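Colleague: Hi! Could you put the model up and walk me through it?

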Amino acid sequence: MTDQAVEREVGRARLRKEDARLITGQTNWTDNISVTGLLHLAILRSPMAHARIERIDVSPALERPGVVAAFSGRDLAEGLGSLPCAWPVTEDMVLPDHPPLALEEVRHAGDPVAVVVARDRYAAADALEAIEIDYEPLPPVLDLEDALAEDAPLVHADKGTNRAYVWPLATGEDFEAVRQRADVVLKRRYRQQRLIPNAMEPRAVVVTPLAASGEYTVYSATQIPHILRIMLSTVTGVPEHKLRVIAPDVGGGFGSKLQVYGEEAVALEVARRLGRPVKWTESRSEGYLATHHGRGMIQDIEIAATREGRLLGLKVDLLADMGAYLMLVTPGIPILGAFMYPAIYKMDSYEFSCTGVFTTRTPTDAYRGAGRPEATYAIERAMDELAAEVGLDPVEVRRRNWIRHEEFPYTSIAGLTYDSGNYEAATEKALALFGYDDLRAEQRKRNERGDPVRLGIGVSTYTEMCGLAPSRVLRDLRYAAGGWEAASIRMLPTGKVEVVTGTSPHGQGHVTCWSQIAADVLGVPFEDVEVVHGDTKVAPQGMDTYGSRSLVVGGSAVHRAAEKVVEKARKVAAHLLEADEGDLGFKNGVFSVKGSPEARKSIQEVAFETFTSHDVPDGMEPTLNADHVLDPENFSYPHGTHLCAVEVDTETGQTRIRSYVCVDDVGRVINPMIVEGQVHGGLAQGIAQALYEEAVYDTEGNLVSGTMADYLVPSAADLPDFVTDRTETPAANPLGVKGVGEAGTIASTPAVVNAVVDALRPLGVHDVRMPCTPERVWEAVRAAQPEQSSEASRKEASA
Amino acid sequence: MIPPAFDYARPTSLDEAVRTLAEAGEDAKVLAGGQSLLPLLRLRLAFPELVVDVGRIPELRGIREDGDTLAVGALTTHHDVIHDPLVRRHAGLLAQATETVADPAVRHRGTLGGSLAHADPAGDLPAVVLALDAELVAVGPRGRRTIPAREFFADYLQSTLAPDELLVEIRVPKREGWGFHYEKFHRVAQSWAMVGVAALVRRDDGHIAEARIGLTNMGATPLRASAAEEALTGAGDAEAVARAAQSAAEGTRPSRDASASPEYRAHLARVLTKRAVLAAAGMG
Amino acid sequence: MTHISVTVDGTTYEDEVEPRLLLVHYLRDRLGLTGTPIGCDTSNCGACTVELDGASVKSCTVLAVQADGCEVTTVQGLARDGEWTALQRAFHERHALQCGYCTPGMIMAARDLLRENPHPTPDEVRKGLEGNLCRCTGYQNIVRAVLAVAEGETAPADQAASAQEVTA
């Protein structure tokens, strides 16, 4: 064992340790959990967008077979506080009450009003129909601009306004002055449609009480067991140390499970009242109403530039749809984007303002990318508009404005210090893989012959801030918690290793990657490492998984903790080998004395010696175990260049993606296979926003795309093969990593829409609203006037 | 996700099925493959007192030749329709359109008869049997009757079957020498047809001698594009076909929903009719 | 209540069930076979795909009573003596799963696809899996995995038992 050379793990496409259970069905999804005496919850929801509850009587439900209890919001009010918002973005932010079950008013279709507890899920579902409830309809609030009018109906009458907050930022020169000296000023309005995250596993929660000691175990399909524990304690009053939260197998999240949901609090409260274990599992259609949505913004963007296409300034005004309530980080989502509108570009002035608006729709909150896809979309769309306006190729206009690789580290106009990157390298690689010039030539030919199927080419050069986050920065942004992450390494007596992480994976492959990281530092075999996560009793400290933070912060913490283990082991080894610590080398898990290679101790031997503790250095604590809590010093900034070619059938309006190439720089790569998978999935979601998905509401505030049959999640048949590649500039953090969870989603949406618009630009089309449905494309073509002057103005600009 | 409670009967013969339906009256629902009914039950959009499962009646399954006609048992699954050599030979349009229905797992369970009896104008097969001039055979307490496809679809999700009648067979005239094509337009592979066009074309001397066009999702029932059919007669080139296809939306009443406006649907009907006919006529 | 007899993954079960009980709930809640998950209520996602008498079906769209007398195969019944099938191995080797929630259904759908079309093109694989949604992978590696099995890059399913240990 001691002589075994351990291959370097980091950088290898290790197959995942997670897979074995998942491909054989030996899973532990929350809905799989069954305990003796388990009761099932079903929740009655408002069929209306906005109404006063005039009367509610749950007692008829009690008459139904199998029903154990039924509660209205009032019935549970005593034990349940308001659901939390952890991100009051401004001092004067309007924060309405958010009861886990509605008390007097319902404020969105799907707002929960009552709960039935029954012996099985069928009985619970049946009994919902017996609940009697009278609603007095109130006017829905749906349009973001109308909602801010003086006489608008209010979502929260007691607050006197639908304006949740206004959050401004202005840096550099005065924008007005910059606009005055600009040759070109472009104003555009873009709309970020609402999206439904659609993690494949619907949400579920199981609560098992230990009535005698007042202890509760909460199993939840959550991304954030640690945060959930703190918040559930606050909402229900169950002391934190009496609460254990477990995220078992979790089937995707994409931000939708970064939340403290009413159902989790209600399940805990019902379990407390009845002293019985309870389970709630949402159906997909129920989740469409009850699980938070993403995006939902109107973006007014104004850019000032020279006629050579150099950016001078940028002004952004957002109206952000909060939905009916401010949930865990609802108000902060657009603010995460605030810093990303300037993207990779240099400019003299930046002004930003976001107004959060209440509407009578399902609350919005984090969805893959969370604020950054929106920002990237707007700036990348606008850059294409600028290119068209000044008669430049879209790639060239970006080249004229981006930060050059020799300028790193670079502090952006928004105040972020980009530590590393090379936009030129990524772009050159992408252009070559894509065959950019050939596609442009084909495009010209098609345009010349008036082909009804047009070719469009879209580019998106993005960056993002991830690795959330330096705690002091979060303080400055008024976020209620820190951004550190915790890791513990336990060296077991037999030389095996347990890594305890505060991250909470739900598909990302942390078990595999953390094993690779720890194996390298400790010099132990990959197979000898187990990773423990997602249980507040076993991994007591953590900040969980979201915002492409897990590897950057959590993986770095594992790395540091492992280094501490090695340092402790070095002391023991030196003692055992009767050598000076400074004379010890450590390679492939073996300490050896320099100059006398036969004097050696493996880390496993050291682990056992430390376990027996018969002969450790005087005064040494007999353990190799080590903890590290890492608070990052900066965000990380992945970047890349994405290129998309689409064929747009101008007769039907149908768009088909012909090819998609992306070159991403996510820093150092721990596992290239997993990185590629993350990119693929991100692309699919970003493309889905561009072409397919939208949460559509009617004028009454009903969710029209209320089932998976109406909300178009693309299948394999609807997506192309992607060509992915990478460039690598290491980040300035211990592992040199940048994070990859959101990159694909952030970059792809503008690449696709830019391609669609590029295809239609010769026909006079300047924009197509997302999702670019066939009908919208067809309408855009019909409404447009052919742009006779485009060739002429191009010549003029280049002259 | 949870269907409402219902009683269940599983007759093993046609006679028993008809008796069961007759006794149950209006509150019974026929369960064939269940691929349309179960989604309705799961979302609690239907509340039958009795579900009559006809899935185990062997005589309702299978495909045979009957002179100039292909007789397809109502319980024949989509999967079996697609792979049946007789269907592929004599009713290629039916096979081709059935391949676009839902997905493979649904096609293993879903049946031709069930799809037609469900009478969803957005379903692909109603327009196809309409274009094929098929006949639908129903059996009830008053005996057996044959309903031309043109008279089978009454309204949205409503056929002219009586509540105590069971659809047992679909009789498709063999169409030797006819070209065919089903052009389905949908936003993602899984979604229902925004518009679909089923085209059958007989050519004579390079010209279209006869055309039959069935339209999916252009009204409360599947429709024939009669004006276009007429205009197509004699068309000899792509341009003439395109001209004739301009009348494809005449007499239709497409709905407005989240996926399309009536105007756009009418436009699609014209474009897709052109494409379907060109493909069917081998002129594309 | 209706009496049913169903063979699931080789074991025959006799039960009294409500006629409305969905096959997937029968598998999960009555038999404890939770390897087959539920992802939607509209027959769109395919997460619950199993085989019923050898053909793929969405077990949320079949009543337990309809499965009376039938054989059901779930993802839990694929491996023999701990040896994975070629598709299971290919999913692992090609990183065709992330959260894994769609995986049981995706594997069952892919089995059906390869049975009907042992040598599909990439487009045929995509089309053949149109009834199964995945939110993590963007499908590319799923397509690769299915093609790998079709191209014999992984031992075919019937030889799974003698297949060599997979290594990275």
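Modeller: Happy to; we can go through cores, loops, salt bridges and a helix. Keep in mind that this is a predicted model.

Colleague: Let's start inside. How many residues does the largest nonpolar core have?

Modeller: The largest nonpolar core has 202 residues. Those with the most contacts inside it are Trp167(A), Phe339(A), Phe352(A), Tyr660(A) and Phe91(C). The largest share of this core, 9 residues, comes from helix H11 of chain A, residues 372-390.

Colleague: And what does Phe339(A) touch?

Modeller: Leaving out residues up to four places away in sequence, Phe339(A) touches Trp167(A), Leu169(A), Ala414(A), Leu416(A), Tyr418(A), Met465(A) and Leu477(A). Apart from the core of 202 residues, there is another core, of 49 residues, and Val499(A), Val524(A), Leu576(A) and Leu624(A) are among them.

Colleague: Thanks. On to loops: where is Asp544(A)?

Modeller: Asp544(A) sits in the loop between strand E21 (529-532) and helix H17 (550-577) of chain A. Asp544(A) is buried yet has no salt bridge.

Colleague: Which side chain of opposite charge is nearest to Asp544(A)?

Modeller: That is Arg549(A), 6.9 Å away. A salt bridge needs a nitrogen-oxygen distance within 4 Å. Setting aside neighbours within four places in sequence, the contacts of Asp544(A) include Gln223(A), His226(A), Glu485(A), Thr503(A), Ser504(A) and Arg549(A).

Colleague: What about Leu735(A), buried or exposed?

Modeller: Leu735(A) has a relative accessible area of 3%, so Leu735(A) counts as buried. Leu735(A) is in the loop between strand E28 (722-726) and helix H20 (743-760) of chain A. Its contacts, not counting residues up to four places away in sequence, are Ile517(A), Leu551(A), Gly555(A), Ser556(A), His559(A) and Arg668(A). The C-alpha atoms of Leu735(A) and Arg560(A) are 9.6 Å apart, with the two positions 175 residues apart along the chain.

Colleague: Switching to charges, how many salt bridges are there over all chains?

Modeller: There are 100 salt bridges over all chains. One of them joins the side chains of Glu104(A) and Arg74(A), at 2.9 Å from N to O. Glu104(A) lies in the loop between helix H3 (73-77) and strand E4 (105-106) of chain A, and Arg74(A) in helix H3 of chain A, so the pair ties together parts that are 30 residues apart in sequence.

Colleague: How accessible are those two, Glu104(A) and Arg74(A)?

Modeller: Glu104(A) is exposed at 51% relative accessible area, while Arg74(A) is partly exposed at 48%. The cut-off for exposed is over 50%.

Colleague: Any salt bridge in chain B, say for Arg145(B)? Which residue does Arg145(B) meet?

Modeller: Arg145(B) meets Glu165(B) in a salt bridge of 2.7 Å, N to O. The pair links distant parts of the chain, 20 residues apart: Arg145(B) is in strand E7 (residues 143-148), and Glu165(B) is in the loop between strands E9 (158-159) and E10 (166-173) of chain B. Arg145(B) is partly exposed at 34%, whereas Glu165(B) is buried at 8%. Salt bridges with shared partners also join Asp133(B), Arg150(B), Arg202(B), Glu210(B), Arg212(B), Arg224(B) and Glu229(B) into one network.

Colleague: Last topic, helix H3 of chain C. What should its 14 residues span?

Modeller: At 1.5 Å a residue, the helix (residues 103-116) should span 20 Å, and its end C-alpha atoms are 20 Å apart, which agrees.

Colleague: And how many of the residues of H3(C) are buried?

Modeller: 11 of its 14 residues are buried, so H3(C) is mostly covered. Among them are Met106(C), Ile107(C), Asp112(C) and Leu113(C).

Technical notes:
Residues are numbered from 1 along each chain as its sequence is written. Chains are lettered from A and ligands numbered from 1 in the order in which they are written. This is a predicted model: local features need pLDDT of at least 70, side-chain atom pairs count only at pLDDT 80 or more; totals for chains, interfaces and linings use all residues. Side-chain values use heavy atoms; hydrogens and water are left out. Helices (H or I, at least four residues) and strands (E, at least two) are DSSP runs, numbered from the N terminus. The expected span of a helix is 1.5 Å times one less than its number of residues. Buried means under 20% relative accessible area, exposed over 50%, partly exposed in between (1.4 Å probe, protein chains only). A nonpolar core is a set of buried Ala, Val, Leu, Ile, Met, Phe, Trp, Tyr and Cys residues joined through side-chain atoms within 4.5 Å. Contact means heavy atoms within 4.5 Å. Lys and Arg count as positive and Asp and Glu as negative; His and the chain ends are not counted.
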